[in-house]
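Please work through the exercises below with the sequence and the structure at hand. Attempt each task before reading its solution.

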Amino acid sequence: MKIALIGPGIMPIPPTGWGGVEHLIWNYNNQLKKIGDEVVIINTKDLHEVIRIVNSGNFDAVHLHYDHYSTVMPHLNCKKKMVTSHYPYLENPEPQYVFLYDLLKNSQSHIVSLSDRIKKEFVRRGIDSTNVSVLPCAIDTDAYTIDDEALHPDRSVVVGKLEPRKRQAFLQKKGLNIDFIGNNADPSFDTTDPCYFGEQSKQDIMENLTAYANMILLSSGEAHPFVCLEGMAAGLGLVLSEQSTANLDLSQPFITVIPDKKLEDTEYLKNKIEENRKISLSMRKRIRKYCKDNFDWVNIIQQYKNIISSI
């Protein structure tokens with residue numbers, strides 16, 4: 001099968017550093033090639049060029065990963081067309097982004113949703129449920145180092161771009177024993193904090209995450225946060241906001257959900273984070289197995305091919 005993957009054209013694929021969508025597209029490329037498919041990545045802001053490449057390429061399927069370009073989809077000569085929005089607030093969009101639903105609805109494409117919760121919102125807004133599939137993010141679990149014991153059993157880690165919606169600045173200097181990794185886009189975050197380690201390479205993250213007891217993500221909006229998969233692949237438990245729990249089995253003892261009304265209760269957070277550390281440190285291999293069984297690329301790429309076949 002010949003498949004075109006369309007990116008935003010904002011940064012290279014694969015990215016040299018931060019770039020969640022770009023990393024995802026690159027992984028789709030690699031995994032599809034592993035099972036014998038031919039893949040072409042189209043990564044440009046020039047939509048005329050997108051049309052030219054697709055319509056001259058005789059593709060079996062095309063998948064757009066940037067919702068703002070959805071207007072190009074009706075112009076593509078391909079029977080199997082898919083579009084995914086990576087907008088983090090899709091379940092409850094800010095007023096200026098409500099247009100995304102109509103944009104995707106009018107794209108004449110099958111919608112590949114990152115979570116069941118997002119699919120329900122598409123359906124609630126009038127999109128036929130048969131035209132929406134759910135496909136979570138995936139991870140190469142075995143690429144992440146996992147140690148039997150954490151080097152820093154009394155510490156947690158926050159990984160990812162530092163921005164207001166993820167509340168990293170609030171978590172600083174609260175005595176919670178948290179280290180921060182990621183490029184900074186939040187002027188209220190103190191980058192002189194000795195617990196801030198800046199942006200690290202993907203390889204460094206894959207090798208060093210396992211040094212911690214658990215991972216924290218208290219975001220106010222997420223589609224399906226890939227960073228949670230990274231944490232679990234490295235054997236870390238998760239302490240999450242309600243908006244950061246997509247596709248996870250919340251009955252798992254190593255997943256702690258902080259209610260919205262408790263997100264700024266420092267003492268409550270401290271107790272829950274420490275409690276999660278103790279639980280998670282005793283079940284690192286179980287955490288990794290849960291990740292591999294549910295989110296490994298071996299399983300997700302087959303689900304992806306099934307979606308393409310169903311269109």
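The exercises concern a predicted model and treat one helix and several aromatic rings.

**Exercise 1.** Determine what helix H9 (residues 284-295) should span at 1.5 Å a residue, and compare the result with the model.

*Solution.* Step 1: the expected span is 1.5 Å times one less than the number of residues. Step 2: for the twelve residues of H9 this gives 16 Å. Step 3: the end C-alpha atoms of H9 are 16 Å apart, in agreement with the expected value.

**Exercise 2.** State which residues of H9 are buried and which are exposed, and explain the arrangement.

*Solution.* Step 1: Arg284, Ile287, Arg288, Tyr290, Cys291 and Phe295 are buried. Step 2: these buried residues fall within an arc of 155° when seen down the axis of H9, and therefore line one face of the helix. Step 3: an α-helix has 3.6 residues a turn, so residues three or four places apart point the same way. Step 4: Lys285 and Lys289 are exposed on the other side of H9. Step 5: the buried residues of H9 pack against several elements, including helix H8 (266-281) and helix H10 (297-310).

**Exercise 3.** Classify the ring pair of tyrosine 28 and tryptophan 297, and that of tyrosine 28 and tyrosine 304.

*Solution.* Step 1: the rings of tyrosine 28 and tryptophan 297 are 5.1 Å apart centre to centre, with 75° between the planes, and the pair is edge-to-face. Step 2: tyrosine 28 lies in helix H1 (residues 20-34) and tryptophan 297 in helix H10, so this pair ties together parts 269 residues apart in sequence. Step 3: the rings of tyrosine 28 and tyrosine 304 have centres 4.7 Å apart and planes at 50°, so the pair is tilted. Step 4: ring pairs thus join Tyr28, Trp297 and Tyr304 into a cluster.

Technical notes: Residues are numbered from 1 along each chain as its sequence is written. This is a predicted model: local features need pLDDT of at least 70, side-chain atom pairs count only at pLDDT 80 or more; totals for chains, interfaces and linings use all residues. Side-chain values use heavy atoms; hydrogens and water are left out. Helices (H or I, at least four residues) and strands (E, at least two) are DSSP runs, numbered from the N terminus. Buried means under 20% relative accessible area, exposed over 50%, partly exposed in between (1.4 Å probe, protein chains only). The arc is that of the directions from the helix axis to the C-beta atoms. Contact means heavy atoms within 4.5 Å. Rings of Phe, Tyr and Trp (its six-membered ring) pair if their centres lie within 6.5 Å; planes under 30 degrees apart count as stacked, over 60 as edge-to-face and the rest as tilted.
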